[in-house]
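Here's a quick tour of the aromatic contacts in this one. Have the structure open and follow along.

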Amino acid sequence: MAVNEITTATFDSVVAQSTKPVLIDFWASWCGPCRALSPIVEQVSQQMGDQVDFYKCNVDDEPDLATKFRIVSIPTLIIFKGGKPVHTMVGLMPKDNLVTEIQANL
């Protein structure tokens, strides 16, 4: 599964209408840890895409979403279930840790 971009305009329909949990990676192009985490999120999306929908949100392009979810440090990953945030992870992490965190919140 590819990691698609999510915007303020598509957020409600994507997150609220998903039948699976949704993971959103809040990032920015100038953020080194964000760039390091991106391929990890891509790998995990390939591995777990049948269980979770994966999206990215550029905080510079979508400041309203960043403000809505109180993103103060990036990268921040939020898992949503039923349209509501249920788990937040902040910072760069190894692939195994990310998989463990996601599995614990399915």
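## A lysine over a tryptophan

Start with Lys56, which lies over the face of Trp27. The distance to the ring centre is 4.9 Å. Keep in mind that this is a predicted model.

## Phe11 meets Phe80

Now for the ring-on-ring contacts: there are four aromatic pairs in the structure. Take Phe11 and Phe80, whose ring centres sit 5.6 Å apart with the planes at 75°, so this pair is edge-to-face; anything over 60 degrees gets that label.

Where do Phe11 and Phe80 lie? Phe11 belongs to helix H1 (residues 8–17) and Phe80 to strand E4 (residues 76–81), so the pair ties together parts 69 residues apart in sequence. Phe11 and Phe80 are both buried.

## Phe80 again, with Phe69

Phe80 also pairs with Phe69, and this contact is edge-to-face too, with 5.2 Å from centre to centre and 80° between the planes. Phe69 is in the loop between helix H3 (63–68) and E4, while Phe80 is in strand E4. That puts the two eleven residues apart, and the pair links distant parts of the chain.

Buried or exposed: which is Phe69? Its relative accessibility is 16%, so Phe69 counts as buried, given that the cut-off is under 20%. Phe80 comes in at 1% relative accessibility and therefore counts as buried as well.

## The cluster

Which residues make up the aromatic cluster? Phe11, Phe69 and Phe80 are joined by Phe26 in one aromatic cluster.

Definitions and conventions: Residues are numbered from 1 along each chain as its sequence is written. This is a predicted model: local features need pLDDT of at least 70, side-chain atom pairs count only at pLDDT 80 or more; totals for chains, interfaces and linings use all residues. Side-chain values use heavy atoms; hydrogens and water are left out. Rings of Phe, Tyr and Trp (its six-membered ring) pair if their centres lie within 6.5 Å; planes under 30 degrees apart count as stacked, over 60 as edge-to-face and the rest as tilted. Helices (H or I, at least four residues) and strands (E, at least two) are DSSP runs, numbered from the N terminus. Buried means under 20% relative accessible area, exposed over 50%, partly exposed in between (1.4 Å probe, protein chains only). A charge sits over a ring if NZ of Lys or CZ of Arg is within 6 Å of the ring centre and within 35 degrees of the ring normal.
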